[in-house]
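User: Could you take a close look at one of the shorter helices for me, and tell me which way its side chains face? After that, carry on to whatever else stands out.

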Amino acid sequence: MTDENKTWHQKHKDSLTKGQRAADLMRNGMGSWPFVGGFIGFMIVWAAINTLVLASKAWDPYPYILLNLFLSMLAGLQGAILLIAAKRQDAIAGVMAQHDYETNLRAEKEIQALMTINRRQLEILAELKAMGATPQT
């Protein structure tokens, strides 16, 4: 596909850096039900192993301080990644709004040109009607 045939979205997607692509992938992954389910499953397994299986030799006994530390670190990273992705979405929305504005301006000019043509046609029709209504001598 040549560059001229690409849509705005395709051109934008091609211009993304590796970091931007990674942020989008992580945002899409962390914002999904499979991630939530997997994460809940991981915490249940962590608690089960440390409470039931390794009752006397647990590496992170209740109240799971190590798990809490991991959750806090993950929340910090998730917040940063989601902010990066949100910033990108804002930039995309701004560019699309500008594109819409420019499209609307072009459409307005075309509509004004059509209205001018329409007015001129109505004038010509009125002249023709007037010519047809006057008796020929």
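**A helix with two sides**

Analyst: In H2, the residues that come out as buried are Ala23, Asp24 and Met30. They sit on the same side of the helix, because together they cover an arc of only 145° around the axis. Bear in mind that this is a predicted model. Turn H2 round to the face pointing away from that buried side, and you find the exposed residues Lys18 and Leu25. As for its length, H2 runs over residues 18-30, and at 1.5 Å a residue its 13 residues should span 18 Å; the end C-alpha atoms are 18 Å apart, so the two agree.

Next, the aromatics. Four aromatic pairs turn up when the whole structure is searched. One of them joins Trp46 and Phe70: their ring centres are 6.0 Å apart and the planes meet at 85°, so this pair is edge-to-face. Trp46 belongs to helix H3 (residues 33-53) and Phe70 to helix H4, so the contact ties together parts that are 24 residues apart in sequence. As for how covered the two partners are, Trp46 counts as buried, at 9% relative accessibility, while Phe70 is partly exposed, with a relative accessible area of 35%. Both rings also belong to one aromatic cluster, whose members are Phe35, Phe39, Phe42, Trp46 and Phe70.

Follow H4 along and you come to some charge. The structure has one salt bridge, and Arg120 makes it with Glu123, with the closest N and O atoms 3.2 Å apart. These two are three residues apart in helix H4, so about one helical turn separates them. In general, an α-helix has 3.6 residues a turn, so residues three or four places apart point the same way. Arg120 is partly exposed at 43% relative accessibility, and Glu123 is also partly exposed, at 43%.

Last, a greasy bit of surface. Leu122, Ile124, Leu125, Leu128 and Met131 make a nonpolar surface patch of about 500 Å². Met131, one of these residues, is found in helix H4, which covers residues 65-133. Its relative accessible area is 54%; since the cut-off for exposed is over 50%, Met131 counts as exposed.

To pull it together: H2 has its buried residues on one side and Lys18 and Leu25 on the face turned away from them. H4 takes part in the edge-to-face pair with H3 through Phe70, holds the Arg120 and Glu123 partners, and has Met131 of the nonpolar patch.

Key. Residues are numbered from 1 along each chain as its sequence is written. This is a predicted model: local features need pLDDT of at least 70, side-chain atom pairs count only at pLDDT 80 or more; totals for chains, interfaces and linings use all residues. Side-chain values use heavy atoms; hydrogens and water are left out. Patches are made of residues with over 30% relative accessible area and no salt bridge: like charges are joined within 9 Å, nonpolar side chains (Val, Leu, Ile, Met, Phe, Trp, Tyr) within 5 Å. Accessible areas come from the Shrake-Rupley method with a 1.4 Å probe; for residues, only the protein chains shown count as cover. A salt bridge is a side-chain nitrogen of Lys or Arg within 4 Å of a carboxyl oxygen of Asp or Glu. Helices (H or I, at least four residues) and strands (E, at least two) are DSSP runs, numbered from the N terminus. Buried means under 20% relative accessible area, exposed over 50%, partly exposed in between (1.4 Å probe, protein chains only). Rings of Phe, Tyr and Trp (its six-membered ring) pair if their centres lie within 6.5 Å; planes under 30 degrees apart count as stacked, over 60 as edge-to-face and the rest as tilted. The expected span of a helix is 1.5 Å times one less than its number of residues. The arc is that of the directions from the helix axis to the C-beta atoms.
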